[in-house]
Amino acid sequence: MRTSIATVCLSGTLEAKLHASAAAGFDGVEIFEPDLIASPRSPEQIRELADSLGLTLDLYQPFRDLEGVGPDQFADNLRRARHKFELMGRLGIETMLVCSNVATATVDDDELAAEQLRQLGELAAEHGTRIAYEALAWGRYVNTYEHAWRLVRRAAHPNVGTCLDSFHILSRGGDPRGIEDIPAEKIFFVQLADAPQLSMDVLSWSRHHRVFPGQGSWDLPSFLAHLMRAGYTGPVSLEVFNDTFRQTDVGRTAVDAMRSLRWLQEHAAARLGNTEAPVPLLRLPAVEDPTGIDFVEIRGRAGVERIEDMLAALGFTYAGTHRSKSVRLWELGQARIVVNDADTQDGRPVVAAIGFVVDDPQRSAARAGELGAPSVPRRSEADEQVLQAVRAPDTTEIFFCSRTNAWTSEFSVKPGDERATRAARPEDGADSHVDHVNLDQPWQRQDEGLLFLSAVLSLDPQPSLDVASPLGLVRSQVMRSADGAVRLALNVAPPMARQSVGSHPGIGQVQHVAISCPDLIGLARRARDRGLEFLPVPANYYDDLAARFDLPAQTLATLRELNLLYDRDDRGEFYHLYTPTVGEVFLEIVQRTDGYDGYGAPNAPVRLAAQLATLLD
Ligand SMILES: O=C(O)c1ccc(O)c(O)c1
Ligand SMILES: [Mg+2]
């Protein structure tokens with residue numbers, strides 16, 4: 001499948017956009033007219049640059065407000081078009097995108113509109129070009145692809161075809177199955193965009209909130225499958241108007257865009273089943289859901305020993321130091337925390353890496369590579385397990401681990417290591433595992449992070465949620481495996497919440513690791529007796545809890561005594577508590593009963609306010 005991208009998707013100069021598109025592996029680009037007009041380079045120089053980068057110029061766009069107008073206006077429109085066709089000759093572009101009229105149409109007359117398209121097609125033919133007519137969702141009279149196609153058919157000119165744009169079709173709830181009824185040779189161009197389901201006017205939705213396939217709510221794989229069944233063999237292009245992508249790093253956005261098309265081809269092939277696509281669709285090494293979190297690595301030069309004190313108090317066993325690296329392993333049942341003394345950007349402890357248990361780590365790493373994930377260079381000695389890792393958009397290292405945990409045998413307790421005597425209480429462990437990890441996301445990486453985790457690790461995005469912190473709303477989106485064995489929450493905090501307070505990170509700048517246990521009250525008591533103080537929860541919270549849930553007085557008193565938080569869904573109950581924050585990390589211990597499936601979201605505002613209070617103390 002030939003891949004293309006509209007220059008409007010990207011930030012920077014036209015030259016920077018061409019370089020980034022080529023580097024990300026695109027075959028071609030659509031030139032968005034304002035990008036060309038603002039460029040100091042001549043059309044011939046742009047053509048030459050694209051050539052030298054191995055890019056084709058697939059489309060010139062958009063030509064607006066052509067059809068459905070009176071004779072004088074139409075004569076002027078043809079004059080305008082002639083200029084553009086000449087320009088396209090200099091650029092070496094064959095196809096011009098013509099959008100349905102939104103502004104100047106005065107006549108709702110299919111016969112007239114088709115005739116005007118035919119005349120434009122005739123002019124295009126004289127210049128060795130052709131036109132692709134696209135229904136904008138907010139077109140004055142023409143706003144569905146079926147209508148645009150009827151006009152194209154009626155125009156009956158070899159140089160007049162249609163352009164299908166998934167946004168305009170899916171935003172209006174259109175049925176894309178009808179695409180299969182359009183003859184492939186009349187589909188001159190295809191533009192794809194996904195979008196989150198929003199209730200707003202369609203023009204604003206289109207101009208600000210489009211995202212790459214796989215980042216929104218729509219079924220783009222089925223859309224592409226319809227195109228393949230129609231026999232379409234032309235370029236499949238991304239046309240994504242997005243406020244964030246237009247102001248962030250062009251190279252990263254282009255890689256993100258290409259990842260979306262690779263993901264899309266794989267999923268469209270699955271939708272096609274036995275139907276042969278008219279062009280080869282890219283296949284990727286297969287992926288299955290990860291079956292668990294193997295370990296979480298907390299890294300930092302200063303302060304990690306305070307985390308280890310907390311782990312010891314929480315009942316983690318100390319499994320020793322690594323034979324060749326300055327890292328230590330702590331275990332509670334199946335929950336494994338690796339503590340690494342290495343430096344971090346701010347010197348503060350962070351959640352640096354997460355290991356996922358996958359079927360075939362080599363295959364997962366190969367897949368991640370084909371999806372443009374940068375690999376993380378690892379140092380390992382000859383007789384050590386070689387673990388494969390890639391870097392997620394938020395910089396977290398993602399490790400692919402086998403079921404065997406063979407790497408844990410590289411850790412042992414050295415004689416005289418005091419940590420071992422402080423912590424040897426396996427009675428707390430048994431059924432524990434890492435329940436979920438919350439990762440702070442840079443605001444401009446949220447969509448990229450979501451697609452990365454779904455494409456690389458097969459995690460499914462859950463509906464996103466706004467959590468009120470005292471310093472603004474935190475947008476939180478959980479990515480999880482189908483069976484819930486792996487759950488990551490991606491959080492985007494507002495700017496105020498990301499400002500450091502003295503040497504402490506802001507409440508929105510932290511990550512946390514949640515560990516499940518079968519008896520939270522027992523664990524909390526033992527941890528408290530070993531000197532661990534939990535995040536203090538205000539008394540008002542417990543008064544409100546008494547109103548929300550009909551809890552026995554004794555339970556309520558215990559929750560209050562231990563600073564535990566509580567929630568309930570239609571399945572079961574959730575008990576949880578938080579440790580103080582060290583560097584950029586805190587721990588949460590949770591207990592789920594009877595299949596409770598949430599994360600205590602109603603309690604998150606209380607937690608964030610309590611964390612702010614400790615910073616201001
Ligand atoms: O928003 C617009 O004007 C616009 C222009 C060209 C397109 O292809 C499109 O889908 C939208
Ligand atoms: Mg379009």
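Two residues are in contact here if their C-beta atoms, placed from the backbone, lie within 7 Å. Keep that in mind as we walk through this predicted model, starting with one residue in a loop.

**A starting point: A105**

A105 sits in the loop between β4 (95-99) and α5 (110-126). Leaving aside its neighbours within four places in sequence, A105 is in contact with E67, G68, V69, R140 and Y141. Is A105 buried or exposed? With 21 C-beta neighbours inside 10 Å, A105 counts as buried. For a sense of scale, take A105 together with L523: they are 418 residues apart in sequence, and their C-alpha atoms are 72 Å apart in space.

**Two domains**

The protein chain is divided into domain 1, covering 3-272, and domain 2, covering 292-616. The C-alpha centres of the two domains lie 44 Å apart. Where the domains touch, domain 1 provides 13 residues and domain 2 provides 10 residues. On the domain 1 side, the touching residues divide into 5 nonpolar, 5 polar and 3 charged.

**Inside domain 1: helix α9**

Helix α9 spans residues 220-230. Of its 11 residues, 8 are buried, so the helix is largely enclosed by the rest of the structure. If you would like to find them in the viewer, the buried residues of α9 are L220, F223, L224, A225, H226, L227, M228 and A230. What do they pack against? Their partners are α7 (166-170), β7 (187-192), β8 (236-238) and α10 (250-272). Just after α9 comes G231, which takes a positive phi of about 95°.

**A sheet of eight strands**

Next comes an open sheet of 8 strands with mixed pairing, in the order β14-β15-β13-β9-β12-β11-β10-β16. Which strands form its edges? They are β14 (388-391) and β16 (411-412), each of which pairs on one side only. At the β14 edge, 4 bridges join β14 to strand β15 (residues 397-401), and the two run antiparallel. Within that pairing, Q388 stands opposite F400 in β15.

The sheet also has a helix across some of its strands. Helix α11 (residues 304-313) lies across β9 (292-299), β11 (327-332) and β12 (335-340). The helix runs at about 155° to β12.

**An annotated site**

An unreviewed UniProt entry places the feature "binding site" at H436, H512 and E588. These residues span 153 residues in sequence, yet no two of their C-alpha atoms are more than 9.3 Å apart, so they gather at one spot.

Two of the annotated residues can be followed in more detail. H512 has its place in strand β22 (residues 511-516), while E588 is found in strand β25 (residues 585-592). H512 counts as buried because it has 21 C-beta neighbours inside 10 Å. E588 counts as buried too, with 22 C-beta neighbours inside 10 Å.

Their contacts link them to each other. Not counting residues up to four places away in sequence, H512 touches N438, V585, F586, L587 and E588. By the same count, E588 touches H512, A514, H576 and Y578.

**Some backbone details**

Most residues other than glycine have a negative phi, and most peptide bonds are trans. With that background, a few places in this model are worth a look.

A cis peptide bond joins Q61 and P62, with omega about -10°. P62 is found in strand β3 (residues 56-63).

Two aspartates have a positive phi, and the table sets them side by side.

| Residue | Phi | Loop | C-beta neighbours within 10 Å |
|---|---|---|---|
| D65 | near 55° | between β3 and α4 (71-91) | 20, buried |
| D594 | about 50° | between β25 and α18 (604-616) | 10, exposed |

How can D65 be called buried and D594 exposed? A residue is buried if 20 or more other C-beta atoms lie within 10 Å of its own, and exposed if 12 or fewer do. D65 has 20 such neighbours, so it counts as buried. D594 has 10 other C-beta atoms within 10 Å, so it is exposed.

Methods. Residues are numbered from 1 along each chain as its sequence is written. Chains are lettered from A and ligands numbered from 1 in the order in which they are written. This is a predicted model: local features need pLDDT of at least 70, side-chain atom pairs count only at pLDDT 80 or more; totals for chains, interfaces and linings use all residues. Domain bounds come from an automatic or database domain assignment. Ala, Val, Leu, Ile, Met, Phe, Trp, Tyr, Cys and Pro count as nonpolar, Asp, Glu, Lys and Arg as charged, and the others, Gly among them, as polar. UniProt positions are given in the numbering used here, feature names are shortened, and annotations may be inferred rather than shown by experiment. Two strands pair if DSSP finds at least two bridges between them. Axes are lines fitted to C-alpha atoms, for helices over the stretch in contact, and angles run from 0 to 180 degrees between N-to-C directions.
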